[in-house]
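Biologist: I'm new to this one, so could you walk me through it? I'd like to hear the reasoning behind each label.

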Amino acid sequence: SSGINAEWPLRPGFKDARKAHQQAPQVLFSYGEPPAELNGQPGLLRGDNIGYVTFVLFPRHTSPTNRDNTINLIHQFRTYLHYHIKCSKAFLHSRMRSKTSEFLKVLNRAKPEAMTEKKFGVGKKF
């Protein structure tokens, strides 16, 4: 696919979090095909631009003392994901603008000397 993989800025962060906090759930990404746990469910989408995120939860994540925090964190994941996608797009757009600016400078330097205009009649230039 020619699209930008949305996973790339997030995967290292999840791996680092897992190393720093052993209680953090494992996060799995899959592209194109849904996870095996969802096979047989109606309405599943497949394709190059479809991705799935799986959180591997253990009893320690769903115990009465941790349940509310786990639910809140998973519920906020969509906002977290959208924030990072927007930041990545802004970064790419910033780089594209700077490259465009550089290319315009090169083109402006390559312009030939201004040609002298000959005036013919009133207000006409050729």
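Modeller: Sure, and let's start with a yardstick: the expected span of a helix is 1.5 Å times one less than its number of residues. Keep in mind that this is a predicted model.

Biologist: Okay, so how do you know what span to expect for H3, and what does the model give?

Modeller: H3 has 43 residues, so at 1.5 Å a residue the helix should span 63 Å. The C-alpha atoms at the ends of H3 are 63 Å apart, so the two values agree. There's still a kink of about 35° in H3, centred on Phe77.

Biologist: What else is in the fold, and in which order?

Modeller: The protein has three helices and two strands, and along the sequence they run α-β-β-α-α.

Biologist: How confident is the predictor, and which elements have the lowest and highest mean pLDDT?

Modeller: Over the whole protein the mean pLDDT is 80, with 74% of the residues at 70 or more. Among the elements, H1 has the lowest mean, 68, and H3 has the highest, 90.

Biologist: Back to Phe77, then. What makes Phe55 and Phe77 an edge-to-face pair?

Modeller: Two checks. Ring centres must lie within 6.5 Å to pair, and planes over 60 degrees apart count as edge-to-face. The centres of Phe55 and Phe77 are 5.0 Å apart and their planes stand at 90°, so the pair is edge-to-face. Phe55 sits in strand S2 (residues 51-56) and Phe77 in helix H3 (residues 67-109), so the pair ties together parts 22 residues apart in sequence.

Biologist: How many aromatic pairs are there by that rule?

Modeller: Two aromatic pairs. Ring pairs join Phe55, Phe77 and Tyr80 into a cluster.

Biologist: Why is Phe77 called buried while Phe55 is called partly exposed?

Modeller: Buried means under 20% relative accessible area, and exposed means over 50%. Phe77 comes in at 12%, so Phe77 counts as buried. Phe55 has 24%, so Phe55 is partly exposed.

Biologist: Which residues of H3 are buried?

Modeller: In H3, that's Thr70, Phe77 and Ser88. For Thr70 the relative accessible area is 14%, so the buried label holds there too. Across the protein, buried residues make up 13% of the 126 residues.

Biologist: What does Thr70 touch, leaving aside neighbours within four places in sequence?

Modeller: With those neighbours set aside, Thr70 is in contact with Leu57 and His61.

Biologist: Tell me about His61. Why does that residue count as buried?

Modeller: His61 has a relative accessible area of 7%, and the cut-off is under 20%, so His61 is buried. His61 belongs to helix H2 (residues 59-62). Not counting residues up to four places away in sequence, His61 touches Gln23, Ala24, Pro25, Val56, Asn66, Arg67 and Thr70.

Biologist: Pro25 is on that list. Where is Pro25 found?

Modeller: Pro25 is in the loop between helix H1 (11-20) and strand S1 (26-31). With 26% relative accessibility, Pro25 counts as partly exposed. Pro25 and Arg60 are 35 residues apart in sequence, and their C-alpha atoms are 9.8 Å apart in space.

Biologist: What share of the contacts with a separation of 6 or more comes from residues 24 or more positions apart?

Modeller: They account for 42% of those contacts.

Biologist: What about charges? How do you know that Glu33 and Arg46 form a salt bridge?

Modeller: Side chains of opposite charge can pair when their charged atoms come close. The cut-off for a salt bridge is 4 Å. The closest N and O atoms of Glu33 and Arg46 are 3.0 Å apart, so the pair qualifies. Glu33 and Arg46 are 13 residues apart, each in the loop between S1 and S2. The structure holds one salt bridge.

Biologist: And why are Glu33 and Arg46 called partly exposed?

Modeller: Partly exposed is the range between the buried limit of 20% and the exposed limit of 50%. Glu33 has 44% and Arg46 has 47%, so both get that label.

Conventions: Residues are numbered from 1 along each chain as its sequence is written. Side-chain values use heavy atoms; hydrogens and water are left out. Rings of Phe, Tyr and Trp (its six-membered ring) pair if their centres lie within 6.5 Å; planes under 30 degrees apart count as stacked, over 60 as edge-to-face and the rest as tilted. Helices (H or I, at least four residues) and strands (E, at least two) are DSSP runs, numbered from the N terminus. Buried means under 20% relative accessible area, exposed over 50%, partly exposed in between (1.4 Å probe, protein chains only). Contact means heavy atoms within 4.5 Å. A salt bridge is a side-chain nitrogen of Lys or Arg within 4 Å of a carboxyl oxygen of Asp or Glu. pLDDT is the predictor's confidence in each residue, from 0 to 100. The bend at a residue is the angle between axes fitted to the seven residues ending there and the seven starting there.
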